[in-house]
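Subject: Structure for your review

Dear colleague,

Please find the sequence and the structure below, handed over for your own inspection. My findings are set out after them.

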Amino acid sequence: MTLPAEFHDIAKRVNNWGRWGADDEIGALNLITDEVVRAAAAEIRSGRRIPLALPLKEDGVQVGMIPGRINPLHTMVQINQELFGPGTVACSDDAVTMGLQAGTHWDALTHVSHSGRIYNGRPAGSITAHGRAEFSGIDKAGHIVSRGVLLDVARAKGQDRLPGGHAVTPEDLAEAEEFGGVTVRAGDIVLVRTGQIQVYLAGDKHGYGFPSPGLSVRTPEWFHARDVAAVANDTLTFEIFPPEIENLWLPVHALDLVEMGMHQGQNWNLEKLSTACAEENRYAFFLSAMPEPFVGAVGTPVAPVAIL
């Protein structure tokens, strides 16, 4: 099935190819300037630190729907081994095999392609089994720290969790912005809370992934208009699933990553942050969300921390 005209119309309106030059590989992260980071540091007032990552464990969020995206397999490779002879200091080491997007993660701009292209018009064929992502691998993202803004869509609607069929619209984002008394600025990292992560935390892994609330195909234009640097939320699929337009799978991924060059994150646990923001009555903070620099990778685990 070819992508519909509606998709291509939106793509033209949000396209950032060439905006930061023909050689650019980081897209909207260019919006996080030194000035933006200095302003973000000023958001630290109480010093309260809120971790946003799920624990990495074998019984993680993945259920086998996506081939190869396995939960972490943690193995001890040596236990109290005296490497330099009897009576010397003993060492324990371990190893992990996992899908890089198995838990709380960032999608690299190369995570999806459409019409044979990735971000900045480069060929999708530049991603190969042995060479990995030749352009825009997650290692190119470098450091991701900026002002974070929580758009608590669920709380703004007086709900603990949005229903599975809820497509988060630009109107919902604006409502959450007003509810939090915050204005999204250029270079911000926006965190969108639906409350869906509660389903996983309650033990229902299958119910967590499907059906799921998530971002509408209309939201990329909202983020583009505000020059948002990156977006993450508390769902498995990021966008509403099943899709709001029949048989149009992952259109928000394609618009955000390919057209706009905007990194996106999934499986972020925003529950404690929601409580903290409500208690302190402020929804902006300093956010550190450093990607693991796997060279040529199309995604990476991340352990974000919000500092209020």
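The notes that follow deal with the sheet, a helix that packs on it, several individual residues and the cavities.

Please bear in mind throughout that this is a predicted model.

The sheet

An open sheet is formed by nine strands, and its pairing is mixed. The strand order is β1-β15-β13-β7-β9-β11-β12-β4-β14. At the edges stand β1 (49-51) and β14 (299-301); each has a single partner strand, so one side of each is left without a neighbour in the sheet. From one strand to the next, the twist averages 25°. As general background, strands of a sheet pair through backbone hydrogen bonds, in either a parallel or an antiparallel sense.

At one edge, β1 runs antiparallel to β15 (residues 305-307), and three bridges join the two. Within this pair, Arg-49 has Ile-307 of β15 as its bridge partner.

Helix α8 (residues 251-260) packs on the sheet and touches β4 (105-107) and β12 (263-266). The direction of α8 makes about 140° with that of β12.

Strand β12 and its partners

Strand β12 has bridges to β4 and to β11. With β4, the pairing is antiparallel and extends over three bridges; here Trp-106 stands opposite Gly-265 of β12. With β11 (residues 230-233), β12 runs parallel, again joined by three bridges, and Ala-230 has His-263 of β12 as its bridge partner.

Both faces of β12 are covered. His-263 and Gly-265 lie on one side, Gln-264 and Gln-266 on the other, and all of these are buried.

His-263, in strand β12, may merit your attention when you view the model. Its relative accessible area is 2%; buried means under 20%, so His-263 counts as buried. Leaving out residues up to four places away in sequence, His-263 touches Ile-26, Leu-29, Trp-106, Asp-107, Ala-108, Leu-109, Ile-138, Ala-141, Ala-229, Ala-230, Val-231 and Leu-257.

Helix α8

How many of the ten residues of α8 are buried? Ten of ten are, and the helix is described as mostly covered. These buried residues are Pro-251, Val-252, His-253, Ala-254, Leu-255, Asp-256, Leu-257, Val-258, Glu-259 and Met-260. They pack against α1 (5-14), β4, β10 (214-215), α7 (219-225) and β12. After α8 comes Gly-261, whose phi is positive, near 70°.

Other residues

Arg-147 lies in strand β7 (residues 145-152). Is this arginine buried or exposed? At 5% relative accessibility, Arg-147 counts as buried. Setting aside residues up to four places away in sequence, Arg-147 touches Ala-40, Glu-43, Val-182, Thr-183, Arg-185, Asp-188, Ile-189, Ala-284 and Phe-285. The C-alpha atoms of Arg-147 and Ala-41 are separated by 7.5 Å, although these residues are 106 residues apart along the chain.

His-74 is found in strand β2 (residues 73-82). With a relative accessible area of 45%, His-74 is partly exposed. Apart from neighbours within four places in sequence, His-74 is in contact with Glu-58, Asp-94, Ala-95 and Val-96. Glu-58 is 16 residues away along the chain, and its C-alpha atom is separated from that of His-74 by 7.4 Å.

Leu-308 has its place in the segment after β15. At 0% relative accessibility, Leu-308 counts as buried. Between the C-alpha atoms of Leu-308 and Lys-57, which are 251 residues apart along the chain, the separation is 28 Å.

Cavities

The count of cavities of 30 Å³ or more comes to four. The largest cavity holds about 60 Å³ of space. Which residues line the largest cavity? The lining consists of Leu-54, Pro-55, Leu-56, Lys-57, Gly-60, Val-61, Asn-71, Pro-72, Ala-102, Gly-103 and Tyr-200. By class, seven of the lining residues are nonpolar, three are polar and one is charged.

I would suggest viewing the model with the sheet as the point of reference.

With kind regards

Definitions and conventions: Residues are numbered from 1 along each chain as its sequence is written. This is a predicted model: local features need pLDDT of at least 70, side-chain atom pairs count only at pLDDT 80 or more; totals for chains, interfaces and linings use all residues. Side-chain values use heavy atoms; hydrogens and water are left out. On a 1 Å grid over the protein atoms alone, a cavity is a set of points where a 1.4 Å probe fits but cannot get out, and a pocket is an open set with protein on both sides within 12 Å along at least five of seven lines; lining residues have an atom within 4 Å of a point. Grid points are joined across faces, edges and corners, and a volume is the space filled by probe spheres set on the points. Ala, Val, Leu, Ile, Met, Phe, Trp, Tyr, Cys and Pro count as nonpolar, Asp, Glu, Lys and Arg as charged, and the others, Gly among them, as polar. Two strands pair if DSSP finds at least two bridges between them. Helices (H or I, at least four residues) and strands (E, at least two) are DSSP runs, numbered from the N terminus. Axes are lines fitted to C-alpha atoms, for helices over the stretch in contact, and angles run from 0 to 180 degrees between N-to-C directions. Contact means heavy atoms within 4.5 Å. Buried means under 20% relative accessible area, exposed over 50%, partly exposed in between (1.4 Å probe, protein chains only).
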